[in-house]
Amino acid sequence: MDASNVSINTKSSGAFKRQAFKDQITGILFTLPALLIILIFGIFPIGYSIYMSLFNWQVTKGAFIGDKNYLLIFGSWWNLLVLVAGIALFVLGFYVWNKAFQSIKNGHRLAHIIGALVLILGGVIFVTGWGMMYETGNKDFLNSLIVTVYYALGTVPAEIILGLVLAYILYQDIIGKEAFRIIYFLPYITPSISTAVVFQIIFSSRETSLANRLIGLFGADPLKWRFEPKPVLNLLGLDVSGLAGGPSLALLTIILYGIWSFVGYNTVIFLSGLGNIPKEIYEAAEIDGGSKWDRFWHITVPMISPVTFYLTLIGFIGTFKAFNHIYVMRTTSAQNTVVTTSLLVFDRFYKANQYGVATAQAIVLFAIILGLTLAQNKIMGERVFYG
Amino acid sequence: MRSKLFGLLAIIMIAALVLGACAKPTPPAAETPTPAVEEPAPAVEEPATEEPVAEEPAVEDPWAGVVPAKEIVWWHQHTGEAREAAIAKIISDFNANNEFGITVTAEYAGGYGDIFNKMLPILNTPDVPDVVVGYQNQVATYQLADAMFDMNELIDHPTYGLTKEEQEDFFPGFFAQDVLSVFDNQRLGLAPNRSMEVMYYNMDWLKELGYDAPPTTPEEFKEMACKAAETPFSGATEGAASPIGYELSIDTSRFASWTFAFGGDMFDYENNQFTLNSDAAVNAWTFIQSLFADGCARLVTENYGDQTDFGNGTLLFTVGSSSGLPYYAKAVEADGTPFEWSVAAIPHTTADPVQNIYGASVSIPKSTPERELAAWLFVKYYTSAEVNAEWAKASGYFPVKQSVAAQFTDVFEANPAYKTAFDLLKFGVFEPAVPGYDFVRDNVIEPAMTSIVDDVTADVRALLDEANVNANEILAEQMAQIK
């Protein structure tokens with residue numbers, strides 16, 4: 001290598017570095033506005049909420065009290081530790097069940113036995129931790145978590161299933177499918193406050209309300225709907241109480257609203273997903289004699305799993321954060337059976353003016369949503385088929 | 001290097017010593033030495049002619065020399081053509097005629113909740129408005145941060161205050177409502193208007209049932225209500241709900257109204273504790289529970305559902321705010337078959353009626369003496385009898401001054417129900433004005449009310465005992481915030 005070559009190489013290397021540096025700067029400059037917005041309106045409020053939660057912050061900022069607002073929720077850190085240990089064992093059990101002892105003979109069976117034992121142990125420890133927390137922590141907050149879980153489990157799976165079924169139907173060559181798409185999407189874009197008020201009227205406990213007239217057609221007595229704190233299973237004649245009783249009828253009406261409101265959105269997203277599945281796969285399956293159900297189950301469902309994953313993820317996040325329609329539809333008569341965590345935080349903030357306590361509760365809710373998202377990402381993400 | 005550093009250190013130390021020596025001597029510590037021997041007091045010449053009189057030290061007037069601010073701002077929540085016009089006129093008259101040259105700017109700042117939320121972050125800052133509308137419990141919350149002006153400082157002032165006659169002209173309950181016992185009886189507001197809980201009744205239906213007057217006792221109320229549940233009104237709208245005697249809305253003001261009517265109170269103003277489980281409250285709510293148990297009452301099923309049912313002729317009695325009078329009138333006339341109806345005192349076990357009154361007051365956030373004085377002068381004007389009559393007529397609220405009755409003859413003639421309610425104002429009492437009351441209302445009292453009427457076998461005393469403990473815990477949490 002002669003000196004001129006070295007010089008050219010050094011030169012070109014320097015120019016390359018300069019260009020790379022310029023590219024970096026350009027990239028950073030382009031992302032800077034978005035970054036600033038996220039920092040100011042996203043990260044800063046979270047950080048400031050954490051800061052507030054460490055103070056006796058009521059009408060004005062009070063003394064620094066460290067973890068006391070959190071201890072009001074959990075009772076003690078030990079309670080939380082036991083609860084988290086239960087969750088950790090769940091995760092471990094899940095891992096063992098699926099992945100452990102694969103290399104040895106009868107490893108599957110062994111993995112299932114040990115996995116099941118760990119899962120059971122995790123369940124026992126989780127329930128113990130929950131019980132300890134319920135004993136000494138904030139019962140209202142813990143109840144609100146149960147209500148939120150009922151709401152999420154009642155809403156998200158139904159939204160997903162109905163959305164997929166509707167999308168599949170609309171994907172076929174039916175007359176007026178464009179009109180149907182618009183009709184199904186309307187509830188999602190209509191302001192939730194106004195539609196929730198309409199639901200208020202439909203599900204009024206008045207004996208002449210639309211819902212009561214409808215069930216009257218089947219010979220049923222009028223129900224109290226939004227005003228009914230009793231669990232649905234009790235109303236069906238089953239003598240179950242506590243968690244097993246399920247959501248109250250009042251919460252069920254809110255769940256119905258949630259499904260009605262979001263199913264159209266899911267349908268439209270599923271439709272776009274269906275459009276991306278190559279037609280050749282269906283044709284091949286048809287030639288091979290696959291029935292409509294076979295094609296749906298073995299082609300559509302797996303091929304659309306990324307969309308399902310996305311919708312489930314945002315569905316759970318959305319239900320844990322849901323506020324507007326629940327706030328409008330809740331009644332005092334339904335008592336705390338419709339108070340989700342977001343409503344509880346709101347009440348603590350705006351009615352009791354206990355900002356420190358409210359922000360601590362909000363941070364715990366945030367952590368739960370984050371944890372659920374990560375768990376979903378891990379569990380469902382592995383099962384998603386990206387083609 | 002090392003020696004250089006030492007040199008530098010030495011120079012700094014010497015400089016510090018020199019500077020220290022040049023500094024003024026520090027005064028001795030705060031402790032004041034007590035002289036070992038008292039100096040003999042200088043001889044005081046006694047007056048030759050008069051007996052010595054122990055004169056009270058002259059109280060210095062803190063407002064002497066304070067010049068009211070020229071510009072002040074009033075945050076209110078009033079909307080609607082009539083109210084906006086009335087406010088504009090009141091402001092314009094005040095600005096044109098007040099001798100201090102004060103100019104008030106009235107700003108609509110949203111509803112009560114909006115104003116409350118806007119106020120919290122600016123308490124004790126110069127950004128506060130000079131006059132603000134607020135419910136007593138909201139103002140009590142502001143005062144947790146010691147952010148409100150105590151009007152006691154000016155109300156009796158010889159120059160700026162209210163005369164004894166002016167003070168006594170207020171309905172007693174209205175005047176007392178803004179004196180907050182939890183803050184050592186500070187006066188944190190003055191009432192410009194009020195509403196009252198009354199019983200609405202369908203007179204034509206009562207006549208059909210064989211009665212010629214509304215009930216005055218709970219026993220009469222129950223008898224009539226139960227009869228109505230079994231005997232539909234001839235003028236009821238077809239297809240409407242089934243007949244019922246009474247519809248209860250789960251609202252703490254109903255809790256208060258019935259408890260007051262049974263001779264109780266919700267709060268012990270001497271000990272500053274809730275008394276939700278008083279004997280009167282237990283009796284009142286056992287009575288309400290019995291109405292539900294006997295099928296004579298039911299819950300209101302939707303917002304203002306009781307007005308709808310009353311208008312449809314399927315509801316004999318309901319209890320609600322007097323501010324609903326025009327809406328009840330509309331509901332009755334809506335179907336084209338109007339019936340005779342009116343309002344009366346809530347049936348009571350006491351000798352005289354005891355009526356629940358409520359309404360927001362005008363308050364003055366702490367700022368500067370100049371701004372506070374100007375704000376007070378406007379509040380004084382706004383609540384004066386003449387202006388109050390004008391405001392009450394335009395707003396539809398009740399006036400707060402007894403003397404305005406003479407100016408209301410036209411209103412009374414046009415609206416006999418309003419006159420009936422007006423005559424009850426003197427029996428007004430009020431709900432607790434304590435911080436966190438909204439939370440107690442929604443999270444303690446209303447769930448207890450629901451439990452009482454939802455399960456007619458529920459133990460009323462046990463439920464109210466529990467509610468009382470919870471309410472006092474919340475109150476204690478709130479009061480712990482006082483700066």
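**Briefing: chain B and its contact with chain A**

In helix H10 of chain B, the buried residues are Thr252(B), Arg254(B), Phe255(B), Ala256(B), Ser257(B), Trp258(B), Thr259(B), Phe260(B) and Ala261(B). That makes nine of the helix's 10 residues (252–261), so H10(B) is largely enclosed by the rest of the structure. Keep in mind that this is a predicted model; for the complex, the predictor gives an ipTM of 0.74 and a pTM of 0.79.

**How confident is the predictor?**

- Chain B has a mean pLDDT of 87, with 87% of its residues at 70 or more.
- Residues 5–52 of chain B are another story: pLDDT stays under 50 there, and the model has one contact beyond four places in sequence for that stretch.

**Where the two chains meet**

- Chain A puts 19 residues into the contact, and chain B puts in 20.
- On chain A's side, those residues split into 11 polar, four nonpolar and four charged.

**Two domains in chain B**

- Domain 1 covers 71–194 + 359–420, while domain 2 covers 195–357 + 434–479.
- Measure from C-alpha centre to C-alpha centre and domain 1 of chain B sits 30 Å from domain 2 of chain B.
- Where these two domains touch, domain 1 of chain B brings 17 residues and domain 2 of chain B brings 18.
- On the domain 1 side, three elements give two or more residues: helix H4 (136–143), helix H7 (172–176) and helix H17 (416–424) of chain B.
- H17(B) supplies the largest share of that side, with four residues.
- Sorted by class, the domain 1 side has nine nonpolar residues, seven polar and one charged.

**Around H10(B) and Val429(B)**

- Just past the end of H10(B), Gly263(B) takes a positive phi of about 85°.
- Val429(B) belongs to strand E15 of chain B, which runs over residues 428–430.
- Val429(B) counts as partly exposed, because it has 17 C-beta neighbours inside 10 Å and a residue needs 20 or more to be called buried.
- Leaving out residues up to four places away in sequence, Val429(B) touches Gly173(B), Phe260(B), Val354(B), Asn356(B) and Ile357(B).
- One of those partners, Phe260(B), is also among the buried residues of H10(B).
- Met196(B) is 233 residues away from Val429(B) along the chain, yet their C-alpha atoms are separated by 9.4 Å.

Note on methods:
Residues numbered from 1 in each chain as written. Chains lettered and ligands numbered in written order. Predicted model: local features only at pLDDT ≥ 70, side-chain atom pairs only at ≥ 80, totals over all residues. Contact = placed C-beta atoms within 7 Å. Nonpolar A, V, L, I, M, F, W, Y, C, P; charged D, E, K, R; others polar. pLDDT = per-residue confidence, 0-100. Domains from an automatic or database assignment. Buried ≥ 20, exposed ≤ 12 C-beta atoms within 10 Å, placed from the backbone.
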